[in-house]
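Thanks for asking me to look this over with you. Please open the sequence and the 3D view side by side, and follow along point by point.

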Amino acid sequence: MPSALYDETRREAAVGTHLLADFGLATGVRASLGHVSVRVPGDPTRFVVKGRGYRLDTLARMRPDDLVVCDLEANLVDGPPEIVPCTEVKLHSCILKARPDVQSVVHVHPKFSVIMSVLGKTIRPICNEGNSLVMEPLPVYPRQKIITTDEEGIEVARLLGSGQAALLFGHGAVTAGRSMEQSITAMIHLEHQAEMNYYAYAMAGADHPYVSRELVLDFSSGPSHFELPHFKQAVAKAGQPKHHGVWAAWYETAAGELDERE
């Protein structure tokens, strides 16, 4: 396997690691808690993820060379001296092994998602951002302990099934995607929906209103708005938009932070 592919994947995962800190998903008391894995292109049996054993261990400090390469049994393949894979590497390896379609897995301890899991309250759609992610109740792993064994990792992968997100009771959440963009965006949206649910619960009680499944489906139905009559002139002049730039903006900011540290 060309070393350039490992280098590119390490950089990708390092940018993603910084993004988790940038969005407050791994800051303060949780500054070292969380990880994003990225499967190595061209070698589906290898993935890159954060390790343990750093002298200064926070997600906001991670650089590409700090990350480790593991196989689907969670064995260390490559990494810096004196660094081992993250404690919950089995969470990543078991999901990646069970889901060939998944290229990236995220695990963090987002505060509102944790609160909702302990309260035993289903996270319902409250706003547009990520509404389809919580259109159906999310599965919940019922134990608070960290995921360290094959049995535990396989059980989380089973609960996740073909979905994008699952909650870990009193512990955090896990998201999976066909790209790092998808897995991280899912986690950002999940925590956003959980926060909105928390506020709704605090203001209106346990039986607060929420956006129904039918309205969520209605939100995403119908033709593209670029096909509507009042867009025809603009599209004829400029063409269909090629970019959906918020991810690129997030990525560029995190990559810039990374470059400043190198």
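Below are my notes, moving from the sheet to the helices, the surface and the charged pairs.

1. **What kind of model this is.** Before you start, keep in mind that this is a predicted model. Residue numbers run from 1 along the chain as its sequence is written.

2. **The sheet as a whole.** A good place to begin is the open sheet, which is formed by eight strands. Reading across, the order is β5-β4-β2-β1-β7-β10-β9-β8, and the pairing is mixed. Which strands sit at the edges? They are β5 (76-78) and β8 (140-141), each of which pairs on one side only. As background, strands of a sheet pair through backbone hydrogen bonds, either parallel or antiparallel.

3. **Strand β1 and its two partners.** Find β1 at residues 34-40; seven of its seven residues are buried, so the strand is described as mostly covered. On one side, five bridges link β1 to β7 (residues 104-108), and these two strands run antiparallel. β1 is also joined to β2 (residues 43-49), by three bridges and again antiparallel. V38 is a handy residue to click on: its bridge partner in β7 is S104, and its bridge partner in β2 is V48.

4. **The hairpin.** β1 and β2 form a hairpin with two residues between them. Look at G42 in this turn, where phi is positive, at about 85°.

5. **The β8 edge.** At β8, two bridges make the connection to β9 (residues 165-168), and here the strands run parallel. To see the pairing, find V140, which stands opposite L167 in β9.

6. **A buried histidine.** H92 belongs to helix α2 (residues 89-98). Is H92 buried or exposed? With a relative accessible area of 0%, H92 is buried. What is H92 in contact with, if we set aside neighbours within four places in sequence? The list is H35, V36, S37, F47, V49, C86 and V105. For a sense of scale, the C-alpha atoms of H92 and E257 are separated by 25 Å, and the two residues are 165 apart along the chain.

7. **A loop residue under cover.** A31 is in the loop between α1 (3-22) and β1. Its relative accessible area of 17% makes A31 buried. Leaving out neighbours within four places in sequence, A31 is in contact with A26, T58 and L59. The C-alpha atoms of A31 and A21, ten residues apart along the chain, are separated by 7.3 Å.

8. **Aromatic rings.** How many aromatic pairs does the structure hold? There are six. One of them joins W247 and Y251: the pair is tilted, at 6.1 Å centre to centre with 55° between the planes. W247 and Y251 are four residues apart in helix α8 (residues 246-261), so about one helical turn separates them. W247 is buried at 11% relative accessibility, whereas Y251 is partly exposed at 22%. Both W247 and Y251 belong to one aromatic cluster with F23 and W250.

9. **A nonpolar patch on the surface.** I115, L119, Y198, Y199 and M203 make a nonpolar surface patch of about 500 Å². The elements giving two or more residues to this patch are α3 (111-119) and α5 (180-204), and α5 gives the most, with three residues. I115 is found in helix α3 and is partly exposed, at 31% relative accessible area.

10. **Salt bridges.** Side chains of opposite charge can pair when their charged atoms come close. The count here comes to twelve salt bridges. Among them is R11 with D259, whose closest N and O atoms are 3.1 Å apart. R11 lies in helix α1 and D259 in helix α8, so this pair ties together parts that are 248 residues apart in sequence. R11 is partly exposed at 27%, and D259 is partly exposed at 40%.

11. **Two more charged pairs and a network.** D66 and R63 form a salt bridge, with the closest N and O atoms 3.4 Å apart. D66 is buried at 12%, while R63 is partly exposed at 36%. In the salt bridge between R158 and E155, the closest N and O atoms are 2.7 Å apart. These two residues are three apart in helix α4 (residues 150-160), and therefore separated by about one helical turn. R158 is exposed at 54%, and E155 is partly exposed at 26%. Finally, K50, R52 and D57 are joined into one network by salt bridges that share partners.

Conventions:
Predicted model: local features only at pLDDT ≥ 70, side-chain atom pairs only at ≥ 80, totals over all residues. Heavy atoms only, no water. Phe/Tyr/Trp six-rings, centres within 6.5 Å; stacked < 30°, edge-to-face > 60°. Buried < 20%, exposed > 50% of the residue type's maximum accessible area, 1.4 Å probe, protein only. Pairing = 2+ DSSP bridges. Patch = residues over 30% accessible without salt bridge, like charges linked within 9 Å, V, L, I, M, F, W, Y side chains within 5 Å. Areas by Shrake-Rupley, 256 points an atom, 1.4 Å probe, with all protein chains shown as cover. Salt bridge = Lys/Arg side-chain N within 4 Å of Asp/Glu carboxyl O. Contact = heavy atoms within 4.5 Å.
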